[in-house]
Amino acid sequence: FRDVMFQGDPFQWEPLQKYRQDNADDNGQADLFLFTHNVIWDWNVQHGKWHYKHLETCGALEQYDSHVASKTVINAGGFYGNPSAFGAIYNVLQDPTLVTCNDQVALNVGIYAGLFNASKT
């Protein structure tokens, strides 16, 4: 991962702590909190088109188009989670069908295609 800076312990963020308290019986399952852009995956929208072009460039368009079409673009530049969530992200980024994709495109595909559910950390 690149461009990671912390002004404090991200795992001590109050909303995350409340979420963990409310879901304490999850037994350490991967928590990943994501932020979305105000744009959707759409060939007719400039930013959505950029994402589609990158998905096409890495050769994954045909396989994953139906999973991302008309979904909100997830921002790979601002997310946080517990250590097992980062392990799951790493596994998705190393998936043979996504390894040459832009990290933001791969993250979106991983979320919308359910690859995190299938990921082993």
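How many disulfides does the structure hold? The structure, which is a predicted model, holds one disulfide, and this report starts from that link before turning to a helix, the nonpolar core and a loop residue.

The disulfide is formed by Cys58 and Cys101, whose sulfur atoms lie 1.9 Å apart. The link of Cys58 and Cys101 is right-handed, with 60° about the S-S bond. The pair joins distant parts of the chain, since Cys58 sits in the loop between H2 and H3, while Cys101 sits in the loop between H4 and H5, 43 residues apart. The table below sets the accessibility of these two cysteines beside that of Ser70, a residue discussed at the end.

| Residue | Relative accessibility | Class |
|---|---|---|
| Cys58 | 12% | buried |
| Cys101 | 10% | buried |
| Ser70 | 56% | exposed |

Helix H2 covers residues 46-57, and because each residue should add 1.5 Å, its 12 residues are expected to span 16 Å, which agrees with the 16 Å between its end C-alpha atoms. The buried residues of H2 are Gly48, His51, Tyr52 and Leu55. Seen down the axis of H2, these buried residues fall within an arc of 100°, and they therefore line one face of the helix. On the other side of H2, Gln46 and Thr57 are exposed. After H2 comes Gly59, whose phi is positive, near 80°.

Leu55 also belongs to the largest nonpolar core, which has 23 residues, and it is among those that touch the most other members, together with Trp41, Ala60, Leu98, Cys101 and Val109. Cys101 thus appears both in this core and in the disulfide with Cys58. The elements that give two or more residues to the core are H2, H3, S2, helix H4 (83-93), helix H5 (103-112) and helix H6 (115-118), and the largest share, four residues, comes from H5. In soluble globular proteins, nonpolar side chains tend to be buried together. Leaving aside residues up to four places away in sequence, Leu55 touches Trp41, Ala60, Leu61, Val68, Val105 and Val109.

The last feature concerns backbone geometry in a loop. Most residues other than glycine have a negative phi. Ser70, although it is not a glycine, has a positive phi of about 65°. Ser70 is found in the loop between helix H3 (61-68) and strand S2 (72-81), and because its relative accessibility is 56%, above the 50% cut-off, Ser70 counts as exposed.

Key:
Residues are numbered from 1 along each chain as its sequence is written. This is a predicted model: local features need pLDDT of at least 70, side-chain atom pairs count only at pLDDT 80 or more; totals for chains, interfaces and linings use all residues. Side-chain values use heavy atoms; hydrogens and water are left out. The expected span of a helix is 1.5 Å times one less than its number of residues. Buried means under 20% relative accessible area, exposed over 50%, partly exposed in between (1.4 Å probe, protein chains only). The arc is that of the directions from the helix axis to the C-beta atoms. A nonpolar core is a set of buried Ala, Val, Leu, Ile, Met, Phe, Trp, Tyr and Cys residues joined through side-chain atoms within 4.5 Å. Contact means heavy atoms within 4.5 Å. A disulfide is a pair of cysteine sulfur atoms within 2.5 Å.
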